[in-house]
Amino acid sequence: MKFIHTADLHLDSPFRGLTTMPQSLWERVHSSTFNAFQRIVDDAIAAQVDFVLITGDIYDRDQQSIAAVDFFAQQCERLAKIQIPVYILYGNHDYQLVQGPAEGLPANVHVFPNRVTTMSLTLKSHETVAITGFSYDQRWLVEDQINKYPRKGNVTWQVGMLHGALHQQAQTDHYAPFTLDELRAKNYDYWALGHIHKHQVLATNPPIVYSGNPQGRHKNEGGQHGYYLVESQQNKLVPHFKPVATIEWTTITINLPRVTKLADLETSLVKQIDQKTGPLYQLITVNVKGYAGLERRLQHLLANGEVLAHLQAKTTTKYNWWIYELTIDQQTPLPSMTDLDERYWQEAAGSIFTTANILALTKGLAKESYLADQLASLDLDQMRKRTIQLLGQGGLTDED
Ligand SMILES: [Mn+2]
């Protein structure tokens, strides 16, 4: 047997940070979450899979856009035509009360209710499959749900679907926390996880797998994105990753040339970027090094954003990439700090920028799904470094 495991489609993601990009490009970016799912359905049809699993966050918001629901229904309709069933559940982004069949979706779509439920099917090969899962009815589910999942029953294959995050610490466990041992104890053949957007295999026996989202939505979701095609081999289920994203977020580091003319600087940047990008359309964070060696005028134009704006305008239609942001990599020392001050600073920074403090400060904000995502993906180390850099530049004062 073979099936597709995907999750976190986030259809109709608003890409709020990109609304200032040229319209034609924005349309391409905005359609990317739709395109990725369409490609998954193309593959499901071509591979004639037995079924498709979508482990939550199909829609980006609990108030779904008409465009997203219509599109999802149309794609599922394509699968209905060749009798491929689709099993879905709702996650923390598209949580909702599930009461009966989903409105507007074709009959091949089976929606998991809010309480843990097992659905069964028999394949043409006569193999029997049980699929267990549940839909979120609220944004946060702080309690472990796994004790409600039954152990593997009298079936050929049993698959668990779970939108959730590995247990870390009680105060940050908001998404159906679980441990690997708990999952293994159920004796299932495969765990199709959703919620974390980076695809990863957490364990192999049985496979416990995050499919990631099929299309990255911001620079913290870089790298390849796709789904897993899961196939039986003897008595095991084996996942194979298949990329489908049409846009990739990438960070490229570039050494600035020792030039004095703006035109030469820009030519060199474009050439270096073009050499480092592949065939997939890329939205790039360019991180430049060697800033201190530039002459003051060029430093100024890089730092105030003029070079970025100029390059964006020049390259939009000509290249298979777009510079999303330009950051300057410079180790600026803190002003007049002794080694001792530096040590105290590091200690203070370490105790202030903690996940617990950030969560305490942002409690209310985290109820907004967009902000919750941003907060969940904060890189604390990066934040400390950036703060130190800004302090060194006087960037945190009002001197401008
Ligand atoms: Mn998600």
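## Sheet, strand pairs and helix packing

Six strands form an open sheet with mixed pairing, in the order β4-β3-β2-β1-β11-β12. Here strands pair if DSSP finds at least two bridges between them; strands (E, at least two residues) and helices (H or I, at least four) are DSSP runs, numbered from the N terminus. The edges belong to β4 (109–111) and β12 (236–243), each with a single partner strand, so one side of each lacks a neighbour in the sheet. On average, neighbouring strands are turned by 25° against each other, direction ignored.

Do keep in mind that this is a predicted model: local features need pLDDT of at least 70, side-chain atom pairs count only at pLDDT 80 or more, and totals for chains, interfaces and linings use all residues. Residues are numbered from 1 along each chain as its sequence is written.

Two strand pairs side by side:

| Strands | Sense | Bridges | One bridge pair |
|---|---|---|---|
| β1 (residues 2–6), β11 (residues 226–233) | antiparallel | four | Phe 3 (β1), Val 230 (β11) |
| β13 (residues 247–255), β14 (residues 281–289) | parallel | nine | Glu 248 (β13), Gln 282 (β14) |

Now to the helices. α2 (residues 32–47) packs with α3 (residues 66–81) at an angle of about 10°, their axes 10 Å apart; axes are lines fitted to C-alpha atoms, for helices over the stretch in contact, and angles run from 0 to 180 degrees between N-to-C directions. That makes the two helices roughly parallel (angles under 35 degrees). Among the contact residues (C-beta atoms, placed from the backbone, within 7 Å) are Phe 34 and Phe 37 of α2 and Phe 71 of α3.

Terms used
Angles under 35 degrees count as roughly parallel, over 145 as roughly antiparallel, 65 to 115 as roughly perpendicular and the rest as oblique. Two residues are in contact if their C-beta atoms, placed from the backbone, lie within 7 Å.
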